[in-house]
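I am opening a notebook on a structure that I have not looked at before. My plan is to go from the core to the pocket, then to one residue, and to end with the chain as a whole.

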Amino acid sequence: ITHTTSSQSPSPPSSVTTNESATNRESAEESTEKRRLRALSLYRQLLRGAERMPTPNRQNYIKRKTTSEYRKHATLTDGDEIEFQLRLADTNLDTVLVQ
């Protein structure tokens, strides 16, 4: 039996690299889409939760605050900052629903 070894490992075909790149891009787009849907869901839930506030002043405050915060952060692109803001919105929703 004769074994031959190569000192160089073959490089992956360019199609593999391109496919991996496309997969990563699709994954990032999917993640972005999931965040967008999560943000919209939280936004709607906060506005609905505002309707259950005991006073009209409190209802209006929650609606104004929710709308202004979402508009202020609509242009965020940093994934970590977006996740932080979504967690904050989730915490605010819990607070609204408890009252």
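Entry one, the core. The model I have here is a predicted one, and I began by looking up its largest nonpolar core, which consists of 11 residues: Ala39, Leu42, Leu46, Ala50, Met53, Ile62, Ile82, Leu86, Ala89, Leu93 and Val96. When I asked which helices supply at least two residues each to this core, I found helix H1, spanning 14-50, and helix H3, spanning 79-98. Of the two, H3 provides the largest share, with 5 residues. I note beside this that nonpolar side chains in soluble globular proteins tend to be buried together.

I then picked one core member, isoleucine 82, and listed its contacts beyond the neighbours within four places in sequence, which turned out to be Arg35, Leu76 and Thr77.

Entry two, the pocket. I looked up the largest pocket next and wrote down a volume of about 770 Å³. Its lining is made of 26 residues, and those nearest the centre are Ala39, Tyr70, His73, Gln85 and Leu86. Two of these names, Ala39 and Leu86, I had already entered as members of the nonpolar core. Which helices each give at least two residues to the lining? I found H1, H3 and helix H2, the last of these running over 56-72, and H3 gives the most, with 8 residues. Sorted by class, the lining holds 14 nonpolar residues, 7 polar ones and 5 charged ones.

Entry three, one residue. I chose arginine 38, which sits in helix H1, and asked myself whether it is buried or exposed. Its relative accessible area is 31%, and because buried means under 20% and exposed means over 50%, I entered arginine 38 as partly exposed. Leaving out residues up to four places away in sequence, I found that arginine 38 touches Glu83, Leu86 and Arg87. For the pair of arginine 38 and leucine 86, I noted a separation of 48 residues in sequence and a C-alpha to C-alpha distance of 7.8 Å.

Entry four, the chain as a whole. I counted 3 helices and 0 strands in the protein chain, so that I could write the order of elements from the N terminus as α-α-α. Of the 99 residues in the chain, 17% are buried. Among contacts with a separation of 6 or more, 64% join residues 24 or more positions apart. The last value I copied down is the exposed area of the chain, about 7900 Å², with carbon and sulfur atoms supplying 51% of it.

Methods:
Residues are numbered from 1 along each chain as its sequence is written. This is a predicted model: local features need pLDDT of at least 70, side-chain atom pairs count only at pLDDT 80 or more; totals for chains, interfaces and linings use all residues. Side-chain values use heavy atoms; hydrogens and water are left out. A nonpolar core is a set of buried Ala, Val, Leu, Ile, Met, Phe, Trp, Tyr and Cys residues joined through side-chain atoms within 4.5 Å. Buried means under 20% relative accessible area, exposed over 50%, partly exposed in between (1.4 Å probe, protein chains only). Helices (H or I, at least four residues) and strands (E, at least two) are DSSP runs, numbered from the N terminus. Contact means heavy atoms within 4.5 Å. On a 1 Å grid over the protein atoms alone, a cavity is a set of points where a 1.4 Å probe fits but cannot get out, and a pocket is an open set with protein on both sides within 12 Å along at least five of seven lines; lining residues have an atom within 4 Å of a point. Grid points are joined across faces, edges and corners, and a volume is the space filled by probe spheres set on the points. Ala, Val, Leu, Ile, Met, Phe, Trp, Tyr, Cys and Pro count as nonpolar, Asp, Glu, Lys and Arg as charged, and the others, Gly among them, as polar. Accessible areas come from the Shrake-Rupley method with a 1.4 Å probe; for residues, only the protein chains shown count as cover.
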